[in-house]
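Colleague: Could you take a close look with me at one part of this model, its nonpolar packing?

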Amino acid sequence: NLGMIRKAALREGLPFLNIVQACTWSPGMRVPTSREVRFLVYTSLAYGAQGISYYVYCHPGHEGAIAYADGRPTPLYHALSRINREFEAIAAELQPLTSLGAYHLGMVPTGGVGLPEDGAFKVDPPVPAAEFSPPKPIEGLVLGYFGAEDRPTHCVVVNLDYSNDMETTVVGPGPLEVFDATDQTWRDAGGARATVHLMPGGGKLVRVAR
């Protein structure tokens, strides 16, 4: 679905905002965890979303959400106070650029695209291919390429495992820098390889050094 919306937004020259689940509204559902919401937010970033919202803030018959009926914040509210700041910081860095592709390593979901062999950004060690078989959760990474004039200069690397953190090394087309979304600063990786720690469902933004 993100792939379809990404293509439509690029075709029309418009930014897009993703509204992700933050509650349950029927007996067969459950409230997503903060790790699952982080997964939804960061995969949206990798696919080029410039805005993020949640369904729903607070509404009768909707369990979970961001606030209780009396206005008290839910546990998800406290998680989003950090996740939203990270989204805003990364999206601001990407806003002048164009989404050039979103590529999956490991499991490739229906409608998704695997990483091409000549991709500008890769990871080391490579992620072994695996069959995507719902309802089993997806595994692997997604790399969102961004740049100008079809030249990828930035990459959002997302850990698709929202149960476990992971560490991987991003390999780029030149000396790399890693963005700290908390203090909004760039760190020199010391070469074309950048080791990044990814929270469950979380991600990092890297770029070719200017």
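Of the 35 residues in the largest nonpolar core, which touch the most other members?

Modeller: Happy to! This is a predicted model, with local features needing pLDDT of at least 70 and side-chain atom pairs pLDDT 80 or more, while totals for chains, interfaces and linings use all residues. Residues are numbered from 1 along each chain as its sequence is written, and side-chain values use heavy atoms, leaving out hydrogens and water.

In the largest nonpolar core (buried Ala, Val, Leu, Ile, Met, Phe, Trp, Tyr and Cys joined through side-chain atoms within 4.5 Å; buried is under 20% relative accessible area with a 1.4 Å probe, protein chains only), the members touching the most others are V41, Y54, L80, I90, V156 and V158. At least two residues each come from the helices α1 (2-12), α2 (34-46) and α3 (75-94) and from the strands β3 (51-55), β7 (140-148) and β8 (151-159); these are DSSP runs, helices H or I of at least four residues and strands E of at least two. Helix α3 gives the largest share, eight residues. Leaving aside residues up to four places away in sequence, V41 touches I52, Y54, I83 and F87, where contact means heavy atoms within 4.5 Å.

A second, separate core has 17 residues, including V123, C155, V157 and V206.

As for the setting, there is also an open three-stranded sheet, ordered β6-β9-β12 with antiparallel pairing (at least two DSSP bridges between strands). β6 (122-124) and β12 (193-198) are its edges with a single partner strand each, so one side of each lacks a neighbour in the sheet. Six bridges join β9 (residues 166-171) to β12, and V170 stands opposite A194 of β12.

Key: Buried < 20%, exposed > 50% of the residue type's maximum accessible area, 1.4 Å probe, protein only.
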